[in-house]
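Trainee: I'd like a close look at one part here, the interior. Could you take me through it step by step and then work outwards?

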Amino acid sequence: MRAIEGERLETPAGGWSSPKVIDWPATATAIATLAIPLDGLTITAPQPEMLSQKNVEAVTGIPARVFLDTIRAPGFPLLIMKLGKLRLVQREAFVAYLRALASEPASRRTAEADERTRVAAVLASAGLEPVPCARTGRASAPPAGASRARLPPK
């Protein structure tokens, strides 16, 4: 049997006569077995719709602790769904929020400067002035003149 341009030649069962031409089926299906090595395949699952502390690092690269601190911060604008101890946030909205934070660091500095200006204005209206304090890098600075205590020798 030979195939010629979408037609099939068929020999009748009764003997050696000229072959008949019949139309090739329009919905022909070919079945084949392929051998593909496993290292040649890449299987990707769709991104999850919701982020939680369980999957946030795999999806965004942000550690779970940073994720939880971010969503617990005052003024976090997104809806947080609580399911037991899980905290769920929509993935697309969270990524958009992170992009917005990354693109506006200068405006955040401007907002901090505006806040200092407003505080100075309030103090000035009360007849006071702000006193700059040196940053020590500690949570609280020791009082002036304080020294470290030592245990008495035995």
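Mentor: A quick word on labels before we dig in: helices are DSSP runs of H or I with at least four residues, strands are E runs of at least two, and both are numbered from the N terminus. Keep in mind that this is a predicted model.

With those labels, the chain has four helices and six strands, and along the sequence they come in the pattern β-β-β-β-α-α-β-β-α-α. Of its 154 residues, 10% count as buried. Among contacts with a separation of 6 or more, 32% are between residues 24 or more positions apart.

Now to the interior. The largest nonpolar core has 10 residues: Leu 51, Val 56, Ile 62, Phe 67, Leu 68, Ile 71, Phe 76, Val 89, Phe 94 and Tyr 97. Two elements, α2 and α3, each give two or more residues to this core. The top contributor is α2, with three residues.

So α2 deserves a closer look. This helix covers residues 64-72, and Phe 67, Leu 68 and Ile 71 are buried in it. Viewed down the axis of α2, its buried residues fall within an arc of 95°, so they line one face of the helix. The general geometry is handy here: an α-helix has 3.6 residues a turn, so residues three or four places apart point the same way. What do the buried residues of α2 pack against? Their partners are β4, α1 (56-60), β6 (86-90) and α3 (91-103).

The same helix also holds a charged pair. Asp 69 and Arg 65 both lie in α2, four residues apart, which is about one turn of the helix. Their side chains meet in a salt bridge, with 3.4 Å from N to O. Asp 69 has a relative accessible area of 42% and is partly exposed; Arg 65, at 48%, counts as partly exposed too.

Next, follow the chain into the loop between α2 and β5 (81-83), where you'll find Phe 76. Is Phe 76 buried or exposed? Its relative accessibility is 12%, so Phe 76 counts as buried: the cut-off for that label is under 20%. If you skip the neighbours within four places in sequence, Phe 76 is in contact with Thr 70, Ile 71, Phe 94 and Tyr 97. Ile 71, Phe 94 and Tyr 97 are also members of the core listed above. Phe 76 and Tyr 97 are 21 residues apart along the chain, with their C-alpha atoms separated by 9.3 Å.

Val 89 is another core member to inspect. Again leaving out neighbours within four places, Val 89 is in contact with Glu 49, Met 50, Leu 51, Phe 67, Ile 71, Leu 78, Leu 79, Ile 80 and Phe 94. Leu 51, Phe 67, Ile 71 and Phe 94 from that set belong to the core as well.

Over in helix α1 sits Glu 57. Beyond four places in sequence, Glu 57 is in contact with Ile 62 and Pro 63, and Ile 62 is on the core list. The C-alpha atoms of Glu 57 and Phe 67, 10 residues apart along the chain, are separated by 8.7 Å.

Back to charges for a moment. Side chains of opposite charge can pair when their charged atoms come close. A search of the whole structure turns up two salt bridges. Besides the pair in α2, Arg 91 forms a salt bridge with Glu 92, and the closest N and O atoms are 3.9 Å apart. The two partners differ in cover: Arg 91 is buried, with a relative accessible area of 17%, whereas Glu 92 is exposed at 58%.

Now work outwards. The chain exposes about 13,800 Å², and carbon and sulfur atoms supply 58% of that area. Leu 34, Ile 36, Leu 38, Leu 41 and Ile 43 make a nonpolar surface patch of about 630 Å². One of them, Ile 36, is in the loop between β3 (20-23) and β4 (50-51), and β4 is one of the elements that the buried residues of α2 pack against.

Last stop is helix α4 (residues 105-125), home of Ala 120. At 28% relative accessibility, Ala 120 counts as partly exposed. Ala 120 and Val 131 are 11 residues apart in sequence and 9.8 Å apart in space, C-alpha to C-alpha.

How values were computed
Residues numbered from 1 in each chain as written. Predicted model: local features only at pLDDT ≥ 70, side-chain atom pairs only at ≥ 80, totals over all residues. Heavy atoms only, no water. Buried < 20%, exposed > 50% of the residue type's maximum accessible area, 1.4 Å probe, protein only. Contact = heavy atoms within 4.5 Å. Areas by Shrake-Rupley, 256 points an atom, 1.4 Å probe, with all protein chains shown as cover. Patch = residues over 30% accessible without salt bridge, like charges linked within 9 Å, V, L, I, M, F, W, Y side chains within 5 Å. Salt bridge = Lys/Arg side-chain N within 4 Å of Asp/Glu carboxyl O. Arc of directions from axis to C-beta. Core = buried A, V, L, I, M, F, W, Y, C linked by side-chain atoms within 4.5 Å.
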